[in-house]
Amino acid sequence: MAHKAVKIEPVEFMKHFFPLPSEKMPTDDKPLIPRWGASVFKDLKGAEKMAEKEVQRRFVAAIRNSNLAPGLSLAESQHCPDKGDISGQRVDSAFFPAGRTPDDGRPHWADQLVPVEFKIHTQSKDPFNDAPEGKLDADAGPRKEVRGQLIDYAERIFRYQHRTALFMLLVMGRRFRFLRWDRSGTIVTESVDYYENPQMLCEMLWCMSKLSKEELGCDPSATRINADDPLYASMDDVASPIDSDMDHSNRVLDEMPKEPYVFRYVRDMFRQSLAPEWPRYQLEIVDGSQKFRFLVGKPLFFATGMAGRGTRGYVAYDPDRKRFVWLKDAWRAHYELVDQEGTILRKLNADGVRNVPTVFCHGDILGQTTQTPTFWEMQNQRPKEPVPAVQPLGPPPAPFVVASSSSRTRVAEPRSLPSGSLGRKRSWHEMEEDTPLPGGPNAGGKKHPTWEDCPLRRHMHYRIVVEEVALPLKEFTSGRQLVSLIIDCVFAHKDAMEISQVIHRDISGGNILIFPRITSKNKVKVKLRGLLADWELSKPVSDKQGSPRARQPERTGTWQFMSVAVLCDMCKVVETSDELESFFYVLLYYSIRYLRSNCPDVGAFIEHLFDGYSQHDGEYMCGATKVALMKGLDRLTTVTGKAIKFQSKPLDDLFQELLAWFKAHYAVQAHKAWVEERSQPSPVFPPSLDAPEAEEDIDGDFDYDDVEIVTNPQREQEAPRTPTQREKGDAENVTSHKVMISALGAAQAAAGWKADRVDGDNVPDNYKPQYKVGRADTASETTVKRRKLESDLAIWRGGSSMVPKTPPPKKGATYF
C-alpha cells in the first residue's frame, strides 16, 4: 500500500468524518462540545521520554478518567492474540462499544471499532512524513515497518468484519495522528502534540464517540448474527453431515439423483467455515427489485493487502431457498465502461457459453465507494482558467485555523470537491488521456497533477452469488485430469470470444476451478469439469467507444501467468495469443508444483520463472527467465539448465510442442517489429543546448603513435532471422483456440499417463525464497516479484483434500 496515502489537516478530517451531531446545534448558554482543561493529559507531559507501554498505560487511564469517548470503552489488547489466530497479531488497544468491552487482553478483531496503536516519541516510529516537500509515506526502514504493521492491523479487521472504512488512532509519545482506511488507500492527519493542544484530540474523540456504527465504517448491509439468534442455530443445523450427500469423484451412477442434491465437500466446507472464533453474518444483495439474504461464516479465501479489490469468497447458505451457493464480496474497479462481473456472466449464460459460473444474483452494495481518491483530487485540483477581467483586490482566503479555545470555533469552509468527483465515475478518457491544461501542458514551467495522475483506484462495493460451489484447481488428482480441466476452460474462453465477443484478460490458476457435473449422455455419471471464473477484468473484444486500450489506470492480470508480451508492454491490448500463453503457464505451474518430475528444487524454479521481474525506468517488466523460455529455449529446464522430465510422457510431449509454438510466435513478432522499425524515418534530435564548440576540438586528438587507426566499414543492424514456413505455421497455432484444444486433447487421449500426483505440494512449507521482495536498487537488475500465488489470494486451508494420498517415491527409485 506504499504511496497510497493522502494527508489532510486534523480540522479538515473532523469536518468530513467526525462532524458535530446533526440533531443538535451549539448555543451561547449551552456549548455543544464539552470543554476540557489542560490537565486532561497532565500525566503525559514527559511522554516523549517514556517507554511505549508506559505511554499506553497513562493514555488509556486519561481517556477513561475524563470519559473522552462516551459510549465507547478503550481496552488494552496487546497481551495475547485472539484464540485460533495463528498470525499472533495484536494491536495495543482498541475502542469497543460500552458494555461489550473485553477484559482478557486479546484484540478481538471481530468486535473492535477503532484500533489504537502506541509508539515511542521518535521520528523513526512515525510512518508518515509531514515535511512540505517529499512523499507522505516515509521511506526509512523502521518507519516503513511501522506502516506495514498498521496495514496488517487494518487488513485483519477488514477480514473479520464487513467494513466500508476503518478509523485508527496512532499515538507516538506526545503526538497523535488519526487515519482512515478504505480499499483505495489511507487518509492521514498531520501529527499534533496532544499535551500542548489537548482540545484537538479531546474534540476528535468526543465527536467520534457520537458516530453510528455505519459512520464508523461498519457495513449496514451486513448484519452480525449473535449466538442467541435463531439464524445462528439454523447454520449449525444445515452444516451437520447428511448421509444422502453425494461424493464428487468421477464415476458412473446407477440412476440420476433426485434434486436437490448436495455434494459432500460443499457441506463440509460450510461446516468448517463456522469456526467458533469467527463472526457470522447475514449479507444482503439487491438485484433489481429483489432483495436476497445469505448466511456466511469464515471466508474460504481472502485477498491479501488493504488497497485493492479485497475479494473474499464464501460458501454461503440461502435460508429462503434452502441451498448452498458461492458468494463473492469485493470492491470492484469503479470506472465508466467497466461492467459488473454479474452483468458479463449473465450475458455469457444467456449466450450458452460453456464451463462458466451461473449467476444467481448480484449488485452494488448501497452505493458504497472508496473516498480516498476524492481527497487526493481535492488536493490536486486543476488550476482554474485565468479570468480576463481584472479582479478587485481583497483579503486572502481564510486558512484552516485552530483557535486556542476550540478547534471548532474558526474553521474555513472545506474546499469544494472537483466537478464530478462524487456521484460520478471517471471515464477511461479522463483516467488515461493527458488532457491539455489551460496555458499548455507545462504552463508556468510545471505540469499540474490531473485526475489521470491519481495513483489511487476508485472502488465500488459489490457482491455476486453463483450457483456453483467449486474446488480450487490444486485439488486435481492427476496430470491427465489437469489437462482435461484446462481443455474445459479453453473451450469457455473460445465460446466467450466467438459467441459473446468478450475476452477474459486474467487467466490464472486461481480463476480455473473444479466443479462436478452430473451428465446423462450414454451413461449417468459424475464428471469433474473445469470452470473459468472471475470475469471482472474482462472486456469486449472490440470496444465501441474510443480506441482499444486499457480502461483502468493499472495493468490488469495475475503477474505469474501473464504473457511475456503483456509484461513487456503495459499498454498492450490483450489478444488470444496472450491468453493461450497464460493457459500454458497455468498448466506448467500446476504440473511442476503438484506432479512428479525430476526438478530438484521446485520452489526455485517457480521463483525464477513465475515471480521474476526486471525494472526499466522504474517500471516492472517481465523477468529474464520467462523471456528466455519464450524466446530462446527449446525445452523446459531447471534453474541449473537440466532438462525437466515429468513422470507422464504425454505431458513432456505436450510442453515441447506448445513451447515450440510460442517460441515461433515471438520470433515472427520480433521479425515483424524489425521490418516496421526499418520502414520508419530516422529520429530527429533537438538541437544541442550546449555552448558553441571551440575552434579546435582537443578531445578528437589521438596521440598514440604505436597503434595505427583503421577505419572500419559501418555495420548494419543485424536483422532477426527470417522465420521459416514451419515457424510461421507454428506461430499461427497460438492464435487459434481450436488448434490449442486439439493439442491438449491429443495429449489427454495419449497412452503413457501414470499416477503422477504427489501427496501434497512439491514446494515445502518451510521453503525460504532466495531473493528479497521489492524493487531493485538499480534499473534493469533482475530480481524477484514475489506475490501470494493462487491468484494473489491467501487460501484458507480448511477441510479435507480430494487429492489421493499417493506414497512418495522410494529412496533411490527413478521414473525416467
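**Close-up 1. E341 and K328 pair up in a salt bridge.** Here the two side chains meet with N and O 2.7 Å apart, in what is a predicted model. E341 sits in helix α7 (residues 341-350) and K328 in strand β15 (residues 323-333), so the contact ties together parts of the chain that are 13 residues apart in sequence. Both ends are tucked away: E341 is buried at 6% relative accessibility, and K328 is buried at 6% too. The pair also has company, since salt bridges with shared partners join R309, K328, E341, D534 and E536 into one network.

**Close-up 2. D130 and K7 form a salt bridge.** This is part of a broader set, as the structure holds 42 salt bridges. The N to O distance for D130 and K7 is 3.9 Å. D130 comes from the loop between β4 (114-119) and α3 (141-160), while K7 belongs to strand β1 (residues 5-8), so the two side chains tie together parts that lie 123 residues apart in sequence. The two partners differ in how much cover they have: D130 is partly exposed at 29% relative accessibility, whereas K7, with a relative accessible area of 18%, falls under the 20% cut-off and therefore counts as buried.

**Close-up 3. D85 meets R156 in a salt bridge.** The closest N and O atoms are 3.2 Å apart. This is another link between distant parts of the chain: D85 is in the loop between β2 (72-76) and β3 (93-97), R156 is in helix α3, and 71 residues separate them. Neither partner shows much of itself to the outside, with D85 buried at 9% relative accessibility and R156 buried at 11%.

**Close-up 4. Helix α10 is largely enclosed by the rest of the structure.** The helix covers residues 479-498, 20 residues in all. From its first C-alpha to its last it reaches 29 Å, close to the 28 Å expected at 1.5 Å a residue. Of those 20 residues, 17 are buried, so the surrounding structure largely encloses α10.

**Close-up 5. Four aspartates gather in a patch of negative charge on the surface.** The members are D701, D703, D705 and D706. Take D701 as the one to look at: its place is in the loop between α15 (649-678) and α16 (725-733). D701 has a relative accessible area of 46%, which makes it partly exposed.

**Close-up 6. F702, Y704, V707 and I709 make a nonpolar patch on the surface.** Together these four side chains offer about 450 Å² of accessible area. F702 is found in the loop between α15 and α16, and D701 of the negative patch has its place in that loop as well. At 46% relative accessibility, F702 counts as partly exposed.

**Close-up 7. C454 and N380 come together from separate stretches of the chain.** Their C-alpha atoms are separated by 8.6 Å, although the two residues are 74 residues apart along the chain. C454 has its place in the loop between α9 (428-432) and β17 (459-466). Loop or not, C454 is buried, with a relative accessible area of 5%.

Terms used
Residues are numbered from 1 along each chain as its sequence is written. This is a predicted model: local features need pLDDT of at least 70, side-chain atom pairs count only at pLDDT 80 or more; totals for chains, interfaces and linings use all residues. Side-chain values use heavy atoms; hydrogens and water are left out. Patches are made of residues with over 30% relative accessible area and no salt bridge: like charges are joined within 9 Å, nonpolar side chains (Val, Leu, Ile, Met, Phe, Trp, Tyr) within 5 Å. Accessible areas come from the Shrake-Rupley method with a 1.4 Å probe; for residues, only the protein chains shown count as cover. Lys and Arg count as positive and Asp and Glu as negative; His and the chain ends are not counted. The place of a charge is taken as NZ of Lys, CZ of Arg, CG of Asp or CD of Glu. Helices (H or I, at least four residues) and strands (E, at least two) are DSSP runs, numbered from the N terminus. Buried means under 20% relative accessible area, exposed over 50%, partly exposed in between (1.4 Å probe, protein chains only). The expected span of a helix is 1.5 Å times one less than its number of residues.
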